[in-house]
Amino acid sequence: MNPTEWLGDRIRIIDQTRLPHEEVFLELADYRDVIEAIKTLRIRGAPDIGVAAAYGLVVGAQRIEAGSKAEFLASLRSVSEALASSRPTAVNLFWALERMNRAAQRGEDVEQIKAALVAEAKGIDAENDEANRRLSEFGAELIHDGFTILTHCNAGSLATAGYGTALGVIKMAKEQGKRVSVYADETRPLLQGARLTTWELMKDGIPVTLITDSMAGHFMKKGDIDCAIVGADRIAANGDVANKIGTYSVAVLATENAIPFYVAAPVSTIDFSLASGDDIPIEERRADEVTHVLGVRIAPEGVPAANPAFDVTPHRYVTAIITEAGVSREPYTETLRQPSGK
Ligand code: MRU
């Protein structure tokens, strides 16, 4: 499933808010539609947001009318800044835009710049999928035959516009002939686990059991879970990991029950400019995502609700971080730059 496809002058996406019951495809021919799709989670998941933002900048660039290179680059910068304002936590958004803006500097004239932007976005897209597959190979070595794996949120093809990260590791283990099964946290408030992870795993023929987020500890203590694996939105240089709200709870429960807690993410999700997770911006989303479920009010009118979309898991709870460069373990300040590979 490729959730974000380049059509030459527009992006074709699957609207992830309508899954799993409806497969609705949208064509986005204006960068503002890309911003709206990212804000509303029609496009979601750190790597997918990065790929979509890169193509979004191309769509924006193709519609700029400028009399000079300087004028063009000035307009391009404002398109890039608008895209960068979509969501604050997933670092792949900023990583992709920085890379695209560097590519734009290499063009001699406007046509060359536009061509360079298309090539760079396609490069980001292709390398992303390759990185997903590489990290999934490294990660699958940590998954043994017969393993039951708990995962939180959705870190599959939908979230990565590629093979998948956490779900990529599970898929790769299956492809290697290992019998694996999954417990998928529903992942309130927007239910990415219940709606997207179960959908992807069922399509891949991988046995999956849906649970509420509050059940994870129970099944860990019962001994039903062999390891937990999640994706990431931003990893600090010391190994602190930002991911979907609830991930920190899974990590603490896994540690308490002596179960490995793995994080799978491409190197593009590591923000080496941040010394620790304390500096990772956490998106605060609308209260009605908590007071309502799929648009149905569940809480009394007027009750205040908090809605941080991500949390930070301190590195001491992370057993290993799996990237396309290999497997890193403590001390992450050293190994994230040079993974041992095992
Ligand atoms: O709010 P979302 O759905 O974009 O959050 C997504 C996650 O937290 C994923 O686990 C993360 O982006 C990794 S995706 C490979």
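A polar contact is a pair of N or O atoms within 3.5 Å; within protein, one atom must be able to donate a hydrogen and the other to accept it, and residues adjacent in sequence count only if both atoms are side-chain atoms. The model on display is predicted, with local features requiring pLDDT of at least 70 and side-chain atom pairs counted only at pLDDT 80 or more, while totals for chains, interfaces and linings use all residues. Residues are numbered from 1 along each chain as its sequence is written, and side-chain values use heavy atoms, with hydrogens and water left out.

**Stop 1: the ligand**

Please select the ligand and then Arg87. An N or O atom in the side chain of Arg87 is 2.9 Å from an oxygen atom of the ligand. Add Gln192, whose side chain has an N or O atom 2.9 Å from a ligand oxygen. Next, add Asp233, which places a polar side-chain atom 2.8 Å from an oxygen atom of the ligand. The ligand taken alone exposes 410 Å², and the protein buries 99% of that; such accessible areas come from the Shrake-Rupley method with a 1.4 Å probe, and for residues only the protein chains shown count as cover.

Where does the ligand sit? The ligand occupies the largest cavity. A cavity is a set of points, on a 1 Å grid over the protein atoms alone, where a 1.4 Å probe fits but cannot get out; a molecule sits in one if more than half of its atoms lie within 2 Å of its grid points.

Now display the shell around the ligand. The elements that give two or more residues to this shell are helix 2 (46–62), helix 6 (157–160) and strand 9 (241–244). Helices (H or I, at least four residues) and strands (E, at least two) are DSSP runs, numbered from the N terminus. In total, 18 residues surround the ligand, and the closest are Arg44, Gln192, Asp233, Asn243 and Lys244; a residue is near a molecule if one of its heavy atoms lies within 4 Å of it. By type, the shell comprises eight nonpolar, six polar and four charged residues. In this division, Ala, Val, Leu, Ile, Met, Phe, Trp, Tyr, Cys and Pro count as nonpolar, Asp, Glu, Lys and Arg as charged, and the others, Gly among them, as polar.

**Stop 2: Asp271 and Thr291**

Select Asp271 in strand 11 (residues 270–271). Is Asp271 buried or exposed? Asp271 counts as buried because its relative accessible area is 10%; buried means under 20%, exposed over 50%, and partly exposed in between, with a 1.4 Å probe and protein chains only. The side chain of Asp271 makes polar contacts with the side chain of Arg234 at 2.9 Å and with that of Ser273 at 2.5 Å.

Proceed to Thr291, in helix 11 (residues 288–291). Thr291 is buried, at 7% relative accessible area, and its side chain forms a polar contact of 2.7 Å with the side chain of His292.

**Stop 3: helix 7**

Colour residues 166–175, which make up helix 7. This helix is largely enclosed by the rest of the structure, because eight of its 10 residues are buried. Those buried residues are Ala166, Leu167, Gly168, Val169, Ile170, Lys171, Met172 and Ala173. After helix 7 comes Gly177, with a positive phi near 90 degrees.

**Stop 4: the loops**

Begin with Pro20, in the loop between strand 2 (11–14) and strand 3 (25–28). The peptide bond leading from Leu19 to Pro20 is cis, with omega near 5 degrees. A cis bond also runs from Glu330 to Pro331, where omega is near -5 degrees. Pro331 belongs to the loop between strand 16 (326–328) and helix 12 (332–335).

Turn to Leu191, in the loop between strand 5 (181–185) and helix 8 (192–203). Although Leu191 is not a glycine, its phi is positive, about 60 degrees; Leu191 is buried, at 10% relative accessible area. Ala258, in the loop between helix 10 (247–256) and strand 10 (261–264), has a positive phi near 55 degrees. Ala258 is exposed, with a relative accessible area of 71%.

End with Phe147, in the loop between helix 5 (110–140) and strand 4 (148–151). Phe147 is buried, at 16% relative accessible area. From Phe147, locate Asp224: the two are 77 residues apart in sequence and 9.3 Å apart in space, C-alpha to C-alpha.

Definitions and conventions: 1 Å grid on protein atoms, 1.4 Å probe; cavity = no way out; pocket = protein on both sides within 12 Å on 5 of 7 lines; lining within 4 Å.
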